[in-house]
Amino acid sequence: MIDLAPPSRQPPRPKTPRLEREVGNFLNRYGTAGLERFLSDVAVGRPLREIACDLGVTKSRVGQWALAFGTMRREYLLH
């Protein structure tokens with residue numbers, strides 16, 4: 001008898017959600033302090049051009065990050 005089942009493969013890795021990937025990339029490049037500063041700058045209305053200059057990216061990239069990251073949320077773990 002011939003086995004017609006497809007060869008077994010590893011299950012596909014789940015895709016990382018886009019936002020999680022973007023935040024991870026941002027953290028790898030600028031660190032936690034950089035993310036907190038970015039979010040506070042956006043929250044107080046600092047011009048995107050100035051933020052972009054500080055980070056060495058384009059104004060449109062800063063706008064994309066601002067829309068993607070949304071508002072800052074902090075979680076504290078109490079032991």
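**Helix packing and the nonpolar core**

Phe 26 touches Gly 31, Gly 34, Leu 35, Phe 38, Leu 55, Trp 65 and Phe 69, with residues up to four places away in sequence left out of the count. The model is predicted. Phe 26 also belongs to the largest nonpolar core. Several of its partners are members too, among them Leu 35, Phe 38, Leu 55, Trp 65 and Phe 69.

That core has twelve residues. Its other members are Tyr 30, Leu 39, Ile 51, Ala 52, Val 62 and Ala 66. Helices α1, α2 (48-55) and α3 each supply at least two residues of the core. Helix α1 gives the most, with five residues.

The overall fold is helical. The secondary structure comes to three helices and zero strands. Along the sequence the pattern reads α-α-α. The protein has 79 residues, of which 20% are buried. The exposed surface is about 7,100 Å². Carbon and sulfur atoms supply 56% of that surface. Among contacts between residues at least 6 apart in sequence, 52% join residues at least 24 apart.

Helix α1 (residues 18-44) packs against helix α3 (residues 59-69). The angle is about 95°, and the axes lie 11 Å apart. Because angles of 65 to 115 degrees count as roughly perpendicular, α1 is roughly perpendicular to α3. On the α1 side, the contact is made by Leu 19, Glu 22, Val 23, Phe 26, Tyr 30, Leu 35, Phe 38, Leu 39 and Val 42. On the α3 side, Arg 61, Val 62, Trp 65, Ala 66, Ala 68 and Phe 69 take part. By class, this contact has 13 nonpolar, no polar and two charged residues. The charged residues are Glu 22 of α1 and Arg 61 of α3. Several contact residues also sit in the core, including Tyr 30, Leu 39, Val 62 and Ala 66.

Val 42 lies in helix α1 and is part of the contact with α3. Beyond residues up to four places away in sequence, Val 42 touches Ile 51 and Ala 66. Both partners are core members. Val 42 and Ala 66 are 24 residues apart in sequence, yet their C-alpha atoms are 6.9 Å apart in space. Val 42 itself is not listed in the core. The relative accessible area of Val 42 is 29%, so this residue is partly exposed. A nonpolar core takes in buried residues, and buried means under 20% relative accessible area. Val 42, at 29%, therefore does not qualify as buried.

Key: Residues numbered from 1 in each chain as written. Predicted model: local features only at pLDDT ≥ 70, side-chain atom pairs only at ≥ 80, totals over all residues. Heavy atoms only, no water. Helix = DSSP H or I, 4+ residues; strand = E, 2+ residues; numbered from the N terminus. Buried < 20%, exposed > 50% of the residue type's maximum accessible area, 1.4 Å probe, protein only. Contact = heavy atoms within 4.5 Å. Areas by Shrake-Rupley, 256 points an atom, 1.4 Å probe, with all protein chains shown as cover. Axes fitted to C-alpha atoms, helices over the stretch in contact; angles between N-to-C directions. Parallel < 35°, antiparallel > 145°, perpendicular 65-115°, else oblique. Core = buried A, V, L, I, M, F, W, Y, C linked by side-chain atoms within 4.5 Å.
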